[in-house]
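The following text walks through the metal-binding part of a protein model. Please have the sequence and the structure at hand while reading.

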Amino acid sequence: MSFDRLWADLAPVGRSADSGGYHRYTWAGADTDARAWFTEAAAARGLDLRTDRNGNLWAWWGTPGPGAVATGSHLDSVPDGGAFDGPLGVASALAAVDELRERGFTPARPLVLGVFVEEEGGRFGVPCLGSRLTTGEIGPARARALTDASGVTWERAMADAGLDPEGVGPDPELLSRLDVFVELHVEQGRALEDTGHPVGVAGAIWPHGRWRMDFTGRADHAGTTRLEDRNDPMLPFAHTILAARALAEQHGARATVAKSLITPNGTNAIPSLVSAWLDARAADQATLSAVVEGVREVAERTAREHGVAHTMAAESTTPLVEFSHDLRDRLAAVVGARAAESAGPVPILPTGAGHDAGVLSAHVPTAMLYVRNPTGVSHSPQEWARPEDSHAGVLALADVLQDLLAVPGGVS
Ligand code: GLV
Ligand code: MN
Ligand code: MN
């Protein structure tokens, strides 16, 4: 299957020799190389490649225009991320085109393969930035001003990549061309492993978001400053991390503090500033709000107790996504036609992970396929899908696309 060659060509791009994890950050070295890989693969297939105003890539099979069936995913990674999160959907989309052509299938409408920029928010902090810009979920002025860890703005980085940042913004014309979007993605849990199914279908995405917290204290000497004289921001920060965990347990939610910046980060100096990011997710909005407000309350109270200033602001929020039931059931029926009868119905899975498909779902009928991940691990070098399951994913995606492309328009 052509998937294997595509996958082998992409595998070294941005992979750390030490960890085996991936470092692909938007508009920078390895991400640029991965985009070049996609561009070449699209050209080799005679697809018409276009870069939209926000830097997302679109490779068209058929004349670009309304009524299109869209599929794809992203190529950027979290720091030291896995090989599959994003790229599996892109490589599978290309391989699905090959599969459909080998079948001799002629689409009744255009198919377009999309690659969204900055899905992970790994460089500029806001996840699904490419799809948020396209849909208008984030405004162009805010996006242009987002900075990476070195202070480089989205505007600067985009210009350095040879694109025009002035054009950034909502893209209703592009959206109006998309009749349906299907994203194939590696599963980010172990729900499929204990079933006979290599491929499942998405049900919902939990509401989630990222909040930046700044604890501003006073730098001083670690050896000479009496404990009662300190304004040490590490102390409320530590309380806040533990509170996030306790609140998540109490509410059956997820809350994580995985990124922090300590200034000036010296062993023998009390810090002047701790910046930290809360990632919180829950099955419903009320639970999510309860967790986030609980964290805010502990951060504020413990900051006050230690004479530390505290601010907390949302950097991105994503509401509950309930994928279209008609489309979801249609995909499940198509995928189920290949499944062993003994395996039972194709699993419909909820997830706590965010996706461009989730952002698009408010504007375009959208669905997702998940490919089994035996480790259940994601955002880590241990993320995995067996080769035979990746192949099953390509066939499932090809079947779904064939079903959708067989008629000139409409998704039901
Ligand atoms: C994206 O992968 C996210 O949910 O963080
Ligand atoms: Mn991810
Ligand atoms: Mn992803």
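Along the chain, the donors of the manganese ion (ligand 3) follow the spacing H-x10-D-x99-H. The model is a predicted one. In it, the protein donors of this ion are His-74 through NE2, Asp-85 through OD and His-185 through NE2, and they lie 2.0 to 2.2 Å from the metal. His-74 belongs to strand E3, while Asp-85 sits in the loop between E3 and H3, so that the pair, 11 residues apart, links distant parts of the chain. His-74 is buried, and Asp-85 is buried as well.

Which residue bridges the manganese ion (ligand 3) and the manganese ion (ligand 2)? Asp-85 does, and the two ions lie 3.7 Å apart. Asp-85 is accordingly listed among the protein donors of ligand 3 and among those of ligand 2.

For the manganese ion (ligand 2), the protein donors are Asp-85 (OD), Glu-120, which appears twice with OE, and His-379 (NE2). These donors lie 2.0 to 2.7 Å from the ion. Their spacing along the chain reads D-x34-E-x258-H. Asp-85 and Glu-120 are 35 residues apart and link distant parts of the chain. The loop that holds Asp-85 runs between strand E3 (68–74) and helix H3 (87–102), whereas Glu-120 is in the loop between strand E4 (111–116) and helix H4 (129–135).

Are Asp-85 and Glu-120 buried or exposed? Both Asp-85 and Glu-120 are buried, each having under 20% relative accessible area.

Note on methods. Residues are numbered from 1 along each chain as its sequence is written. Chains are lettered from A and ligands numbered from 1 in the order in which they are written. This is a predicted model: local features need pLDDT of at least 70, side-chain atom pairs count only at pLDDT 80 or more; totals for chains, interfaces and linings use all residues. Side-chain values use heavy atoms; hydrogens and water are left out. Donors are N, O and S atoms within 2.8 Å of the metal (3.2 Å for Na, K and Ca); water is not among the atoms, so sites may look incomplete. Helices (H or I, at least four residues) and strands (E, at least two) are DSSP runs, numbered from the N terminus. Buried means under 20% relative accessible area, exposed over 50%, partly exposed in between (1.4 Å probe, protein chains only).
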